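Subject: Handover of a structure

Dear colleague,

Please find below the structure that I am passing on to you. My notes on it come directly after.

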Protein chains: 6
Amino acid sequence: MKILVINPNSTASMTALIGESARLCAFPGTQIEAVNPSGTPASIEGHTDEALSVPAMLDLIRTGETRGIDAYVIACFDDPGLSAAREIAAGPVIGICHAAVQVVTTIATRFSIVTTLPRSVPIIEDLVASYGAGSRCRAVRSVDLPVLALEADPAIAEARLIREIEAARDIDGAEAVVLGCAGMSDLCERLQARTGVPVIDGVRAAIKLAEGLVGGGYATSKIGAYDYPRAKGTCGLAQSA
Amino acid sequence: MKILVINPNSTASMTALIGESARLCAFPGTQIEAVNPSGTPASIEGHTDEALSVPAMLDLIRTGETRGIDAYVIACFDDPGLSAAREIAAGPVIGICHAAVQVVTTIATRFSIVTTLPRSVPIIEDLVASYGAGSRCRAVRSVDLPVLALEADPAIAEARLIREIEAARDIDGAEAVVLGCAGMSDLCERLQARTGVPVIDGVRAAIKLAEGLVGGGYATSKIGAYDYPRAKGTCGLAQSA
Amino acid sequence: MKILVINPNSTASMTALIGESARLCAFPGTQIEAVNPSGTPASIEGHTDEALSVPAMLDLIRTGETRGIDAYVIACFDDPGLSAAREIAAGPVIGICHAAVQVVTTIATRFSIVTTLPRSVPIIEDLVASYGAGSRCRAVRSVDLPVLALEADPAIAEARLIREIEAARDIDGAEAVVLGCAGMSDLCERLQARTGVPVIDGVRAAIKLAEGLVGGGYATSKIGAYDYPRAKGTCGLAQSA
Amino acid sequence: MKILVINPNSTASMTALIGESARLCAFPGTQIEAVNPSGTPASIEGHTDEALSVPAMLDLIRTGETRGIDAYVIACFDDPGLSAAREIAAGPVIGICHAAVQVVTTIATRFSIVTTLPRSVPIIEDLVASYGAGSRCRAVRSVDLPVLALEADPAIAEARLIREIEAARDIDGAEAVVLGCAGMSDLCERLQARTGVPVIDGVRAAIKLAEGLVGGGYATSKIGAYDYPRAKGTCGLAQSA
Amino acid sequence: MKILVINPNSTASMTALIGESARLCAFPGTQIEAVNPSGTPASIEGHTDEALSVPAMLDLIRTGETRGIDAYVIACFDDPGLSAAREIAAGPVIGICHAAVQVVTTIATRFSIVTTLPRSVPIIEDLVASYGAGSRCRAVRSVDLPVLALEADPAIAEARLIREIEAARDIDGAEAVVLGCAGMSDLCERLQARTGVPVIDGVRAAIKLAEGLVGGGYATSKIGAYDYPRAKGTCGLAQSA
Amino acid sequence: MKILVINPNSTASMTALIGESARLCAFPGTQIEAVNPSGTPASIEGHTDEALSVPAMLDLIRTGETRGIDAYVIACFDDPGLSAAREIAAGPVIGICHAAVQVVTTIATRFSIVTTLPRSVPIIEDLVASYGAGSRCRAVRSVDLPVLALEADPAIAEARLIREIEAARDIDGAEAVVLGCAGMSDLCERLQARTGVPVIDGVRAAIKLAEGLVGGGYATSKIGAYDYPRAKGTCGLAQSA
């Protein structure tokens with residue numbers, strides 16, 4: 001099966017990192033292709049960055065539909081454009097926040113999330129609540145570093161992540177911790193080893209769920225909200241619908 | 001004060017209708033400018049249409065910031081791009097669904113919403129729930145007509161709207177009804193007169209709230225989630241932040 | 001338009017302060033009349049004080065209906081008697097807590113409230129939850145001062161308010177702060193200037209919403225729960241209904 | 001022990017009926033006193049009727065405190081003034097809606113409520129939700145009769161109650177039904193016998209809980225929200241507190 | 001009336017302690033029988049201990065039905081097997097957590113719970129939320145002692161309980177505290193006296209509610225979820241149903 | 001990898017059916033072992049049946065831990081004993097209701113569930129709500145047939161399932177339907193083909209998730225609520241812990 005992993009931002013080095021994380025966990029028969037659109041923000045840190053990334057991301061999905069992609073993973077923890085992507089795709093589309101929440105609620109009763117900047121905290125809180133896991137999420141914590149600093153300054157990033165993971169366990173009562181940024185996926189194993197706390201990376205969670213959904217023959221329902229977009233023109237040239 | 005009313009779709013006749021509704025209810029000193037982006041879908045009927053409309057809509061707001069706009073109204077009932085718009089604007093940004101919910105919960109304890117297509121029902125349900133009014137909203141009903149049919153086939157649209165408004169009152173126990181599409185705003189008065197049920201149009205609701213917010217000196221908080229977008233490049237050319 | 005601002009307690013100096021705050025923010029054409037009932041508690045600090053204030057407040061509304069009042073503002077942060085007032089009034093009735101919540105959720109994603117006494121904290125928490133904003137309200141904080149001490153001891157009051165507003169921003173992650181007492185309305189501007197945090201006063205919020213609702217032609221729905229009270233006698237002398 | 005059952009409306013025949021229901025279910029050692037204030041509305045059908053009944057009801061509690069009352073039951077299904085009453089009383093205060101909800105959630109997983117007028121439906125829905133039983137309450141139904149018609153027209157009342165109880169069982173999936181008006185308490189046994197559905201009357205529920213709370217030595221907490229009202233003047237003559 | 005109090009674990013000394021607490025608060029005419037199954041875990045500290053205790057506990061109820069038991073109290077704060085027990089019993093079945101929540105929400109607006117081990121915290125949080133009191137429960141605290149240490153090391157247990165009760169009042173803003181383990185019931189009076197905080201023991205709460213339910217003639221509804229278990233075989237030998 | 005699928009009831013023919021469904025969807029490298037305990041009820045239709053099945057099911061998991069089982073699936077739609085099982089197992093434990101909810105919320109925004117007997121409806125509603133999907137689940141419907149009738153009377157079962165699936169789509173607005181009983185898993189494909197509605201069987205959903213969780217290296221967190229049960233005796237012979 002072919003899974004297209006889309007990093008919605010335009011930082012190719014992060015796409016490479018995400019692709020590597022995805023390939024490391026995939027089943028042997030799974031083909032992972034990791035891409036990013038061009039022209040989108042270099043990182044996604046807020047609603048505007050999300051909004052500016054989605055149309056180009058949807059184009060990648062539209063193209064994917066013509067070349068046999070079985071499932072899509074949106075590799076940004078805000079799950080930008082997830083519902084729109086599901087309208088366009090026939091197969092399953094997985095957001096890494098949604099996937100991480102599904103995994104962590106299967107292996108723990110309470111968890112915390114550690115993300116990059118404080119401004120993303122309410123975004124993630126609302127997202128987790130919309131997935132029905134608000135009461136299981138003890139806290140969304142921030143390391144107060146921009147997304148690209150994870151790569152630029154890995155030692156500081158790791159030190160702060162460890163501090164927050166330990167605080168999640170000791171102060172929040174978290175039984176597991178979710179990494180709240182796709183750019184942290186390469187640190188997952190080491191953070192778990194260093195802290196002794198189960199650490200969930202959304203990229204891996206999403207790959208494993210995507211494989212299962214494709215393997216199980218599941219497709220996005222085309223009844224109702226995720227039906228294909230209605231054909232229509234732009235610029236006031238309305239088409240028949 | 002200057003209020004920029006943005007119809008995110010690209011159907012100019014709908015923009016004109018919305019602008020007319022806005023001007024009819026504005027205070028004398030309020031300047032209403034109604035615009036739509038070009039190149040966006042002709043109507044917004046689902047998540048993809050929303051996603052494809054937002055970047056161009058944000059451009060209109062960015063330009064608005066340079067020419068003295070005091071507040072913005074997003075005139076699509078899905079409130080697309082509302083949070084992103086708030087990051088960009090210094091002044092208030094109002095979504096017509098949010099505004100309608102604020103008005104209707106001030107004048108009634110229970111309400112229903114009537115929208116266009118069934119596929120919009122879950123979108124609106126989730127939006128209303130995110131505004132905290134889920135338990136006050138009896139039902140989101142649909143007339144099963146595309147957005148552009150409101151204009152193309154006004155007699156059928158009106159007949160179906162009356163039927164659903166009466167059902168909202170008689171079956172749902174709604175004390176007031178919200179029109180779930182900006183393109184219905186010209187029908188508001190007549191529907192209320194025909195049914196005897198208080199009918200709320202989000203365009204008018206948003207104009208009146210926008211005037212109040214500007215008049216009260218309220219600005220979007222730039223602490224936290226609605227802070228201005230961080231400066232950054234695209235295409236992997238990361239900027240300092 | 002005429003807006004009647006009712007301070008439900010019987011402290012005339014607080015009524016004057018509230019009236020002044022209301023007039024300062026009103027549009028030129030708006031007539032503000034600020035009144036308080038006589039015989040009600042000197043301040044409202046708990047459910048009993050609320051209950052003892054409401055009947056006399058409703059009398060003021062009943063009288064207001066006979067002399068052309070367009071909208072009413074209940075200027076106590078517990079919003080006492082709000083639903084009953086809506087039954088009596090034809091036009092809109094606004095509670096200052098409800099108004100402040102509507103404004104703050106338009107300009108910020110997370111907020112805290114600072115009130116007077118600790119005993120009011122659960123009252124306000126429940127009220128905010130009933131308005132659907134429970135998940136957006138980080139905390140209800142208290143300065144641990146009685147209502148009348150705001151006037152009697154303004155320096156201490158201001159110092160404690162600043163301390164709590166800063167704690168709201170730094171500890172709670174609040175993006176804006178709501179003042180949880182009508183008697184704080186004169187401090188709003190200074191607190192915002194001193195802390196750099198957007199500070200919302202419910203009196204101003206309510207005036208601006210009331211102007212908008214009247215300007216928009218909105219009336220309280222008389223279908224269902226806010227219908228006029230049924231005519232009936234007292235003391236067992238039942239009337240026809 | 002002495003329990004004061006207060007019918008907040010001023011219809012003495014309803015007070016007698018309620019007192020009779022209370023005495024029939026009380027333990028031998030329990031003294032039931034049923035009273036109503038004078039000057040309050042003849043029935044409670046909406047928020048205004050509630051508000052107008054509470055101050056006189058609180059006076060009855062204040063007097064009760066001086067003459068050895070152990071617990072109070074507020075015998076109106078809207079539980080008007082419940083929190084205020086708890087501030088005044090040292091012992092427990094029980095509302096009949098709260099009591100009925102406690103009983104029914106102990107003996108059934110899903111229930112419906114049948115009340116008098118449609119305008120009371122949202123009031124009761126909100127009340128039940130505030131007691132945390134919103135998801136267990138299938139529906140609040142109405143017989144569309146005023147409170148006093150229960151007494152005036154008992155045959156019609158009973159026929160409609162039976163119809164609604166059966167609909168609750170057959171359509172709502174209710175496993176038990178709560179009577180949503182104190183004036184229905186004399187019908188409880190017969191309705192249960194006629195329908196085969198467990199029927200809960202709030203008056204009885206409240207008496208049994210009140211006996212248990214007094215017997216268990218429980219008193220209203222005077223820490224926080226239910227502390228005694230602060231001493232204060234009226235008419236602007238503020239007292240030290 | 002006869003109330004069977006079942007300690008689901010197999011520690012006879014704890015059963016004796018629970019029985020003593022029950023008898024101390026019962027009305028004169030109430031016969032309390034306190035039992036425990038044999039072969040169940042010595043204490044209940046987690047879901048497995050719960051699961052292993054329930055079948056034997058249900059046997060005690062099945063036997064109770066043949067010998068005139070009027071109501072059952074499950075004396076473990078996790079309320080294990082409560083719904084199953086209600087299927088088997090004709091009369092009411094009370095869990096001590098459910099009972100304590102009912103009592104505490106009648107006498108206080110906000111409360112905290114103090115339990116034994118940290119691993120029980122999420123269990124109790126979920127239980128309280130399922131009873132609809134999640135928003136009234138400020139915190140579930142733990143003394144970090146196993147259940148049996150309450151008896152083995154009473155001085156340490158009491159010191160830690162006092163510390164947590166005071167923290168509940170001072171930090172959480174709790175107006176009352178619930179003891180989160182049946183094995184703490186003998187300490188209730190002393191903890192309340194030592195701290196000045198109303199302290200609720202679930203055993204006493206359950207006895208008083210059970211007496212009231214039996215006295216009120218309430219029985220478990222046999223319509224729907226609490227109907228008697230359907231007759232059926234085991235080991236694949238299906239019976240007619 | 002080895003997945004142990006446990007049918008908690010003791011009907012071997014149902015275990016065979018479930019095992020067949022599991023094997024049909026498993027990846028080639030996955031070994032499926034389907035078992036049932038002996039001595040448990042022939043079907044699970046209510047809380048008592050659940051409770052009586054869990055201890056023997058936990059024994060199967062305890063044994064599984066000694067013989068290299070990687071993950072467990074509990075193949076009853078009530079997810080009985082799920083939390084207890086997670087305490088005992090090192091690897092992941094999946095309940096078929098939880099799995100089906102995870103799958104369906106990935107491919108649809110709204111769904112309904114069709115189960116066997118009406119008495120299971122509130123059980124499943126509460127379970128789905130505890131998984132955070134209450135607002136996405138339109139309805140839990142029942143075919144009003146006992147579990148074993150699915151096998152005994154397949155034509156009637158299929159006809160009623162089709163009727164309810166179509167009602168879910170047409171009346172509830174469901175975009176997909178979940179089968180609410182493990183014994184329906186063999187009908188999944190045919191029901192989907194017959195109705196055109198995406199139909200989710202929990203057995204398949206659970207197998208695919210289990211494979212993903214094992215493949216991703218996920219284990220049950222042993223911090224907090226899912227830690228191994230504490231060692232302890234029974235019958236009052238307390239062990240050191």
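The notes below cover the conventions, the contacts between chains, and the sheets.

This is a predicted model, in which local features need pLDDT of at least 70 and side-chain atom pairs count only at pLDDT 80 or more, while totals for chains, interfaces and linings use all residues. Residues are numbered from 1 along each chain as its sequence is written, chains are lettered from A and ligands numbered from 1 in the order in which they are written, and side-chain values use heavy atoms, with hydrogens and water left out.

Chains A and B

Chain B can be superposed on chain A with an RMSD of 0.0 Å by a turn of 180 degrees and a shift of 0.0 Å along the axis; such superpositions are made by least squares on the C-alpha atoms of residues with pLDDT of at least 70 in both copies. The two copies are thus related as by a two-fold rotation axis. Within chain B, the residue that comes closest to this axis is Ala51(B), its C-alpha lying at 3.5 Å.

Each of the two chains brings 42 residues to the contact, where contact means heavy atoms within 4.5 Å. Since 100% of the interface residues of chain B are also interface residues in chain A, the copies meet through the same surface. The size of an interface is often given as the accessible area lost when the parts come together. Between chain B and chain A about 3,000 Å² is buried, 59% of it on carbon and sulfur atoms; buried area is the accessible area (1.4 Å probe) that two parts lose on being put together, summed over both.

Eight salt bridges are found across the interface of chain B and chain A, a salt bridge being a side-chain nitrogen of Lys or Arg within 4 Å of a carboxyl oxygen of Asp or Glu. Glu87(B) and Arg119(A) meet in a salt bridge, with 3.6 Å from N to O. There are also 18 residue pairs in polar contact between chain B and chain A, both residues being at pLDDT 80 or more. A polar contact is a pair of N or O atoms within 3.5 Å; within protein, one must be able to donate a hydrogen and the other to accept it, and residues adjacent in sequence count only if both atoms are side-chain atoms. On the side of chain B that touches chain A, helix H2 (47–66) and helix H3 (82–88) each supply at least two residues. The largest share of that side, nine residues, comes from H2(B).

Chains C and E

A turn of 120 degrees with a shift of 0.0 Å along the axis lays chain E on chain C with an RMSD of 0.0 Å. These two copies are thus related as by a three-fold rotation axis. Ser135(E) is the residue of chain E closest to the rotation axis, at 6.4 Å (C-alpha).

Here five residues of chain E are in contact with four residues of chain C. The two chains bury about 330 Å² between them, 30% of it on carbon and sulfur atoms. On the chain E side, Thr109(E), Arg110(E) and Arg138(E) lose the most area to chain C, together 81% of what that side buries. Four salt bridges are counted between chain E and chain C. One of them joins Asp126(C) and Arg110(E), with the closest N and O atoms 2.7 Å apart. The count of residue pairs in polar contact between these chains is four.

Chains that do not touch

Chain A and chain D do not touch, their nearest C-alpha atoms being 16 Å apart. Chain B and chain E do not touch either, and their nearest C-alpha atoms are 16 Å apart.

The sheet of chain B

Chain B holds an open sheet of four strands in the order E2-E1-E3-E4, with parallel pairing. Strands pair if DSSP finds at least two bridges between them; helices (H or I, at least four residues) and strands (E, at least two) are DSSP runs, numbered from the N terminus. Strands E2 (31–35) and E4 (93–95) of chain B stand at the edges with a single partner strand each, so one side of each is left without a neighbour in the sheet.

Strand E1 (residues 2–6) of chain B pairs with E2(B) over five bridges in the parallel sense, and Val5(B) has Ala34(B) as its bridge partner in E2(B). Helix H1 (residues 12–25) of chain B packs on the sheet, touching E1 and E2, and its direction makes about 165 degrees with that of E2(B). Axes are lines fitted to C-alpha atoms, for helices over the stretch in contact, and angles run from 0 to 180 degrees between N-to-C directions.

With kind regards
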